[in-house]
Amino acid sequence: MGDVTVQSQSCDPLTEQLHKLVSLEGDDSDRNGPQPPQLRQEVKNPTATTTAASMSWLPWFFTPWSPSALSLLLLSVVDRQTGLQVVQAILCSRLGEPINKSLSQDGDQAALSLVGGDTHSCNYPLTPSTPGSAAYEQPGETAAVGQPVPLLIGPASSTTTIVLSRVLGPLSVPLISYLASCPCLSDRLNFPNVFRTIPSDIYQARAMARLAIRFRWTWMGAVIENKDYGNLAIQAFQEETQGKGVCLEFIETVLQETIVSDASRIALTIQASTARVILVFCWYTEIKEVFLELAKINVTDRQFLASEAWSTSDDILKDLDISKVASGVLGVAIRSSTIPGFENYLRSLHPMHRPDDEFLREFWEKEFGCRLGATQSHETSLSPAEGSSQKASLPLCRGTESLEGVQNHFTDISQLRVAYNVYLAVYAAANALHSLLSCPDKESSPGYNSSTCSSPKHIKPIELLQHLNKVNVTTPQGEMFYFQGADIPAKYDLVNWQNTPDGSLKLVLIGRVDGSDLHLNESAIQWSTGSNQVPVSVCRESCPPGTRKANRKGEPLCCFDCIPCAEGEISNQTNSLHCERCPSEFWSNAKGTTCIPRQLDFLSFNETLGITLTTAAVSGAAVTTAVFVMFLYYRQTPVVRANNSELSFLLLLSLKLCFLCSLVFIGRPSVWSCRFQQAAFGISFVLCVSCLLVKTVVVLAAFRSARPGAGSLMKWFGPGQQRGSVCLFTSIQIIICATWLSLSPPVPQRDLGFQGSKVTLECAMASVIGFSLVLGYIGLLACTSLLLAFLARKLPDNFNEAKLITFSMLIFCAVWVAFVPAYISSSGKYVVAVEIFAILASSYGLLLCIFAPKCFIILLRPEKNTKKHLMAR
């Protein structure tokens with residue numbers, strides 16, 4: 001589109017200057033739809049004479065609003081809102097060569113001509129009869145405009161904005177772009193004269209990253225344009241999601257020059273991908289080709305996240321061939337808003353008031369099905385034959401036709417997006433100019449100096465630039481408007497593509513972005529699946545509590561395995577990286593999600609092991625009692641009397657105590673039970689072994705006394721000496737136990753060393769030396785008895801128990817030798833069980849080896865229970 005300057009003839013200097021300084025730079029970019037032929041032709045030759053400048057904006061209403069055309073329309077709207085009066089607006093096109101050759105060279109668009117003040121030839125004056133009126137008079141005079149333009153609105157693309165900023169920066173001419181979104185333009189050092197009413201692409205990339213985080217899309221694909229627009233956006237997206245669990249499975253690039261091969265390759269990549277959400281930063285023409293390729297291979301289950309470059313594209317929305325592929329698109333869009341008075345302005349347009357607007361005439365005839373007469377419009381540019389044939393088929397318009405009530409793209413202002421950015425640019429320019437030209441009241445300010453006020457006819461660009469930096473106003477819509485450097489606060493619409501009954505898609509507003517805040521109505525979203533259920537796009541389902549994430553070697557962080565926490569460790573959050581160990585007195589529950597107090601564990605009478613050992617102990621005591629009763633009953637028989645019946649009864653009593661003392665080890669440990677169990681064990685066994693030792697010594701003494709010269713030997717081993725010896729040996733053990741228990745007794749203690757769900761309550765040996773002395777003394781007596789019994793093994797069997805004592809002591813020693821390593825290697829309550837087992841095993845060994853043969857004779861072989869039989873040898 002050619003450069004457009006606006007001049008007004010008015011007594012109001014603000015109105016005059018506003019129209020002088022607002023100028024549009026055309027551009028060949030269109031983010032959401034194709035440009036009409038009129039616009040494309042003018043863009044290609046921006047310095048050419050515009051023969052129908054007043055008509056060129058109307059076709060843009062049939063595509064998304066073209067901002068370049070709307071600037072002039074919005075001037076009228078802004079004028080009303082700011083109280084300005086437009087008396088005459090003249091559209092100008094450049095004629096001839098620039099005057100100042102030093103400021104331009106072949107190929108420049110037309111910016112230097114504007115800021116340099118070249119002579120322009122102006123025609124087609126448009127003069128409203130009254131402020132705010134849409135009625136225009138007939139063409140009038142031609143005026144010359146040679147005054148420099150101090151501000152430009154435009155261009156649309158970032159590339160052109162960068163070029164113009166480089167050229168006009170030294171002149172401090174402000175540029176207000178409505179569509180240049182490159183993040184680079186936020187650099188105030190390199191682009192000090194650039195302002196824009198569209199947010200930087202950084203913010204839409206961040207908004208899309210927040211959407212991915214909000215919906216837990218951790219495994220995504222990306223399709224980007226292989227230029228700054230796509231590369232910078234995907235970089236910002238990755239920076240925003242860094243450390244938040246979002247990974248990109250692939251990043252495919254696309255270029256318009258190679259769109260066919262790129263689209264085919266990208267479609268196959270998406271088909272093979274496991275990612276269900278695809279992020280797209282490219283233009284609508286490029287993603288449309290990708291959608292067509294996806295439709296060919298029937299890939300319709302992907303959720304697309306759209307950038308503002310195509311999120312509102314009617315060209316894709318209305319295409320039935322790709323509606324299934326594009327259904328459910330969630331996109332970030334340039335925010336839309338209403339422009340007060342704009343709809344009334346559009347609906348008041350009439351060819352009678354704009355006789356030279358060829359497009360309005362053609363639109364009018366097509367919309368109302370009539371033809372305008374010669375008095376209603378100028379002759380068309382069509383050939384006579386062509387014009388006559390078309391007009392002949394249409395009736396004459398009555399002149400009462402009106403756009404009021406007409407519903408089409410021309411009158412639809414519900415989606416004013418880029419147009420609203422143009423509106424804000426004009427609004428910013430008007431307020432900056434108002435601030436610049438506002439001077440103190442001469443009468444109320446005695447110190448007023450006219451030199452401090454800018455002249456309406458001599459606006460300096462650098463002054464206007466300074467006032468633009470200070471713009472801070474509230475728009476008629478109630479929006480706070482100000483510049484943050486080059487930018488305005490980031491605001492976007494969130495849109496959703498939803499199915500319609502006719503098979504096409506419609507655009508539905510489902511939220512907005514305000515700075516870093518997302519305001520989203522999730523219940524209003526229709527996803528690609530056709531339901532309200534948020535799509536799941538993950539490489540691996542989240543690790544539930546009780547597990548931890550373990551990265552797979554050589555794969556992205558989003559692809560991992562879930563490893564259950566070890567016993568005693570927990571994770572109570574989803575996707576935990578580590579399992580935490582429970583405190584010493586706690587243990588993990590079965591699911592590994594929380595620490596629970598460890599159960600108190602000890603050898604009790606209620607559990608299987610405790611019942612078994614108790615049964616064995618009680619049975620042993622019962623059998624010993626039975627033998628004791630039987631021996632007492634048969635105490636006069638030779639078998640009982642032959643081997644010192646008094647020591648036999650004492651031995652049976654001690655064995656019974658050994659069996660019963662094992663019961664003290666079972667049950668909840670207490671202070672007194674811990675002390676008593678070891679003392680009972682030590683004393684009972686010493687009493688038992690002492691009886692065996694004395695019996696063995698007596699047998700040896702009896703047979704030795706039968707030899708010549710040894711008759712006096714037995715007097716040292718009479719009944720009194722035997723009882724005294726047993727008491728002496730037992731007293732020594734009592735002294736050891738008393739000393740041990742008085743100095744460092746065993747105490748009940750929780751064993752936390754064993755890592756399990758239970759904590760063992762046991763009797764801890766505070767002094768290992770005391771326990772060792774008790775066991776050592778028992779072992780000493782046992783070994784001595786074994787040695788003596790071994791020496792007496794060859795004596796006549798009928799007269800002594802040496803062989804039986806030998807076997808019993810062998811079993812006794814074997815049990816307690818095996819006890820030591822078993823005791824040391826056991827843990828928890830099994831330490832107690834091992835000690836009880838040793839007590840019972842050795843007690844049963846003594847009982848069976850010594851008394852079983854005698855009971856057999858007494859009960860089953862009574863014929864052998866005679867003195868004759870015993871004296872046979």
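Is the crossing of α8 and α9 left-handed or right-handed? Keep that question in mind while the tour, which runs through a predicted model, reaches those two helices by way of the sheet beside them.

**The eight-stranded sheet**

Begin by selecting the strands β10, β9, β11, β12, β13, β16, β17 and β18, which in that order make up an open sheet of eight strands with mixed pairing. At its edges you will find β10, residues 247–254, and β18, residues 517–520, each of which pairs on one side only. If you look from strand to strand, neighbours in this sheet are turned against each other by 25° on average, with direction ignored.

Next, narrow the selection to β13, residues 330–334, and β16, residues 491–499, which pair in the antiparallel sense over five bridges. To see how these two strands are aligned, pick out L330, which stands opposite N496 in β16.

**Helices on the sheet**

Now add helix α6, residues 201–214, which lies across β9, β11, β12, β13, β16, β17 and β18, and which runs at about 60° to β18. Then add helix α8, residues 259–272, which packs on the sheet and touches β9, β10, β11 and β12, while its direction makes about 160° with that of β10.

Before leaving α6, select R216, which is found in the loop between α6 and β9. Although R216 is not a glycine, it has a positive phi of about 60°.

**α8 and α9**

Keep α8 in view and bring in helix α9, residues 284–296; the axes of α8 and α9 come within 8 Å and cross at roughly 55°. An angle of this kind makes α8 oblique to α9. Here the opening question can be settled, for the crossing of α8 and α9 is right-handed. Show the side chains where the helices meet: I259, A263, S264, I266, A267 and I270 belong to α8, and they meet E286, E289, V290, E293 and L294 in α9. Sorted by class, this contact of α8 with α9 has seven nonpolar, one polar and three charged residues.

**α15 and α16**

Move on to helix α15, residues 418–437, and helix α16, residues 461–469, whose axes come within 9 Å and cross at roughly 110°. That angle makes α15 roughly perpendicular to α16, and α15 passes α16 in a right-handed crossing. On the α15 side, the residues to display are A428, A429, A432, L433, S435 and L436, and on the α16 side they are E463, L464, H467 and L468. By class, the contact of α15 with α16 has seven nonpolar, two polar and one charged residues.

**The three-stranded sheet**

For the next stop, select β25, β27 and β26, three strands that form an open sheet in that order, with mixed pairing. The edge strands, each pairing on one side only, are β25, residues 599–601, and β26, residues 747–751. Neighbouring strands of this sheet are turned by 30° against each other on average, again with direction ignored. Within it, β25 and β27, residues 758–764, pair in the parallel sense over three bridges, and D601 can be found opposite T760 in β27.

**α22 and α23**

Continue to helix α22, residues 768–791, and helix α23, residues 802–825, where the axes come within 9 Å and cross at roughly 150°. The two helices, α22 and α23, are therefore roughly antiparallel to each other, and α22 passes α23 in a left-handed crossing. The contact draws on F771, L775, I778, A782, S785, L786, A789 and F790 of α22, together with A802, I805, T806, M809, L810, F812, C813, W816, F819 and Y823 of α23. These residues divide into 16 nonpolar, two polar and no charged.

**Two local details**

Finally, return to lower residue numbers and select G154 and P155, which are joined by a cis peptide bond with omega at about 0°. P155 is found in the loop between β6, residues 152–153, and α5, residues 158–168.

Then colour the cysteines, since a search of the whole structure finds eight disulfides. One of the pairs to inspect is C182 and C184, which a disulfide joins with an S to S distance of 2.5 Å. The link of C182 and C184 is right-handed, with 130° about the S-S bond.

Key. Residues numbered from 1 in each chain as written. Predicted model: local features only at pLDDT ≥ 70, side-chain atom pairs only at ≥ 80, totals over all residues. Heavy atoms only, no water. Axes fitted to C-alpha atoms, helices over the stretch in contact; angles between N-to-C directions. Helix = DSSP H or I, 4+ residues; strand = E, 2+ residues; numbered from the N terminus. Parallel < 35°, antiparallel > 145°, perpendicular 65-115°, else oblique. Left-handed = near helix turned anticlockwise from the far one by under 90°. Contact = heavy atoms within 4.5 Å. Nonpolar A, V, L, I, M, F, W, Y, C, P; charged D, E, K, R; others polar. Pairing = 2+ DSSP bridges. Disulfide = S-S within 2.5 Å.
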